[in-house]
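Reader: I'm new to this and would like a close look at a single part of the model. Could you pick one and take me through it step by step?

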Amino acid sequence: MSEEESRPTEDPLQQAESLLERLERTRQELESTQDPDRAIEILSELAEIAKEVEAALARAKKEAG
């Protein structure tokens, strides 16, 4: 279970802020790495964050009606 799924009652705005912070930290790590293997791992992390953003948007849209 992802970090996102473990907090289903979190406010959508707080969720978005949390995901944005994770995205920024991960992006900075990607920019600073010189290791190609680590860069691939980081890109996988970014893809996972993108999935979480998509799920959060779907939930917010559903809650909005």
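**How the second helix sits against its partner**

Author: Let's begin with the whole chain: among contacts between residues at least 6 apart in sequence, 39% join residues at least 24 apart. Contact here means heavy atoms within 4.5 Å. This is a predicted model, so local features need pLDDT of at least 70 and side-chain atom pairs count only at pLDDT 80 or more, while totals for chains, interfaces and linings use all residues. Residues are numbered from 1 along each chain as its sequence is written, and side-chain values use heavy atoms, with hydrogens and water left out.

The chain has 2 helices and 0 strands; both kinds of element are DSSP runs numbered from the N terminus, with helices being H or I over at least four residues and strands E over at least two. Of its 65 residues, 23% count as buried. Buried means under 20% relative accessible area, exposed means over 50%, and partly exposed is in between (1.4 Å probe, protein chains only).

Now for our part, α2. Its 29 residues should span 42 Å at 1.5 Å a residue, and its end C-alpha atoms are 42 Å apart, so the two agree. (The expected span is 1.5 Å times one less than the number of residues.) At its N-terminal end, D35 acts as a cap, with a side-chain oxygen 3.0 Å from the backbone nitrogen of D37. After α2 comes G65, whose phi is positive, near 115°.

Which residues of α2 are buried? They are A39, I42, L46, I49, E52 and A56, and these pack against α1. An α-helix has 3.6 residues a turn, so residues three or four places apart point the same way.

To see the packing from the other side, look at T26, which lies in helix α1. T26 is buried, with a relative accessible area of 8%. Leaving aside neighbours within four places in sequence, T26 is in contact with I42, E45, L46 and I49. Take I42: T26 is 16 residues away from I42 in sequence, but the two are 6.7 Å apart in space, C-alpha to C-alpha. The T26 side chain also reaches the backbone oxygen of R22 at 2.8 Å.

R22 brings us back to α2. Side chains of opposite charge can pair when their charged atoms come close. R22 and E52 meet in a salt bridge (2.8 Å, N to O), which links distant parts of the chain: R22 is in α1 (residues 12-32) and E52 in α2 (residues 36-64), 30 residues apart. A salt bridge is a side-chain nitrogen of Lys or Arg within 4 Å of a carboxyl oxygen of Asp or Glu. Buried or exposed? R22 counts as buried at 17% relative accessibility, and E52 is buried too, at 6%.

The structure holds 6 salt bridges. One of them pairs R38 with E45 (3.2 Å, N to O). R38 counts as partly exposed, at 21% relative accessibility, and so does E45, at 31%. That pair belongs to a network of salt bridges linking E29, R38, E41 and E45.

Key. A polar contact is a pair of N or O atoms within 3.5 Å; within protein, one must be able to donate a hydrogen and the other to accept it, and residues adjacent in sequence count only if both atoms are side-chain atoms.
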